[in-house]
Amino acid sequence: LVLLIANILRIAFWFGRRFELPLLFQSMTMIVTMLTMLELCVRLARGSVVIPRRFLDFDTKYFWKWSNFEDYVQFLCVFVVVVGVLTSYLYTWTLYVELLGLVSLVTEAMLGMPQFLKNHSTKSTAGMSISMVLGWLAGDVFKTVYFVIQNAPFQFFICGSLQIALDVAILSQVYLYQGKRSVNP
């Protein structure tokens with residue numbers, strides 16, 4: 001959900017403040033990829049569904065825990081229409097456009113936060129390798145350098161910087177908790 005929302009918002013941001021086309025195409029590719037993965041997950045989980053849950057039930061307790069892929073598509077269509085209408089009316093308003101970009105990219109930048117919080121609460125990084133986190137860090141450094149070289153909107157730099165900081169924090173946890181067993185809170 002987070003990556004779908006972040007990338008839909010990033011596409012809307014593009015209409016208010018044009019940035020590099022490869023970054024726009026990356027968002028489109030990410031949406032297609034995430035929808036494909038979501039469809040597969042829903043299809044695989046369908047056999048274990050006891051009580052079918054639907055988007056149109058409007059039960060917040062089961063938000064994003066629906067039984068059918070079509071329900072996810074319905075929600076995303078509603079979200080796209082709402083964001084599209086807002087953006088079509090407000091795309092000339094600088095504050096709206098800059099906030100849209102900031103929300104989009106900070107949302108994406110914080111993807112590692114649940115992992116960081118889980119590691120902190122369990123005092124363990126079991127299953128994580130230093131090379132994996134170093135790979136995240138290298139990717140985020142290169143991406144941020146690209147944003148700077150291409151003079152991308154400042155939101156991209158903020159996103160990259162937050163991701164680098166989070167990567168470093170998780171990397172420090174890997175070193176700090178190395179060899180320690182998980183502590184369940």
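## Charges over aromatic rings

Arg53 lies over the face of Tyr62, at 3.6 Å from the ring centre, in what is a predicted model. A second arrangement of this kind involves Arg18, which is placed over the face of Trp14 at 3.9 Å from the ring centre; Trp14 is itself one of the buried residues of helix α1.

## Helix α1 and its surroundings

Helix α1 covers residues 2-16, and at 1.5 Å a residue its 15 residues should span 21 Å, which agrees with the 21 Å that separates its end C-alpha atoms. Twelve of these 15 residues are buried, so the helix is largely enclosed by the rest of the structure. The buried residues include Leu3, Leu4, Ile5, Ala6 and Asn7 towards one part of the list, and Ile11, Ala12, Phe13 and Trp14 are also among them. Arg10, too, is buried in α1. The partners against which the buried residues of α1 pack are the helices α2 (21-45), α3 (69-90), α4 (94-109) and α7 (154-176).

Leu4, which is found in helix α1, has a relative accessible area of 3% and is therefore buried, the cut-off being under 20%. Leaving aside residues up to four places away in sequence, Leu4 touches Ile31, Met34, Leu35, Leu38, Trp64 and Leu76. The C-alpha atom of Leu4 is separated by 9.5 Å from that of Glu108, although the two residues are 104 residues apart along the chain.

## Aromatic pairs

A pair of aromatic rings is described by the distance of the centres and the angle of the planes. The count of aromatic pairs comes to 18. Among them, Phe55 and Phe75 form an edge-to-face pair, with 5.9 Å from centre to centre and 75° between the planes. This pair links distant parts of the chain, since Phe55 belongs to the loop between α2 and α3 whereas Phe75 is in helix α3, 20 residues apart. Phe55 and Phe75 are both buried.

The pair formed by Trp64 and Tyr72 is likewise edge-to-face, because the ring centres are 4.7 Å apart and the planes stand at 85°, with over 60 degrees as the cut-off for this class. Trp64 and Tyr72 are both buried, and Trp64 is also one of the residues that Leu4 touches.

## The aromatic cluster

Ring pairs join Phe55, Phe58, Phe63, Trp64, Trp66, Tyr72, Phe75 and Phe79 into a cluster. The members of the two edge-to-face pairs described above, Phe55 with Phe75 and Trp64 with Tyr72, are included in this cluster.

Key: Residues are numbered from 1 along each chain as its sequence is written. This is a predicted model: local features need pLDDT of at least 70, side-chain atom pairs count only at pLDDT 80 or more; totals for chains, interfaces and linings use all residues. Side-chain values use heavy atoms; hydrogens and water are left out. Helices (H or I, at least four residues) and strands (E, at least two) are DSSP runs, numbered from the N terminus. The expected span of a helix is 1.5 Å times one less than its number of residues. Buried means under 20% relative accessible area, exposed over 50%, partly exposed in between (1.4 Å probe, protein chains only). Contact means heavy atoms within 4.5 Å. Rings of Phe, Tyr and Trp (its six-membered ring) pair if their centres lie within 6.5 Å; planes under 30 degrees apart count as stacked, over 60 as edge-to-face and the rest as tilted. A charge sits over a ring if NZ of Lys or CZ of Arg is within 6 Å of the ring centre and within 35 degrees of the ring normal.
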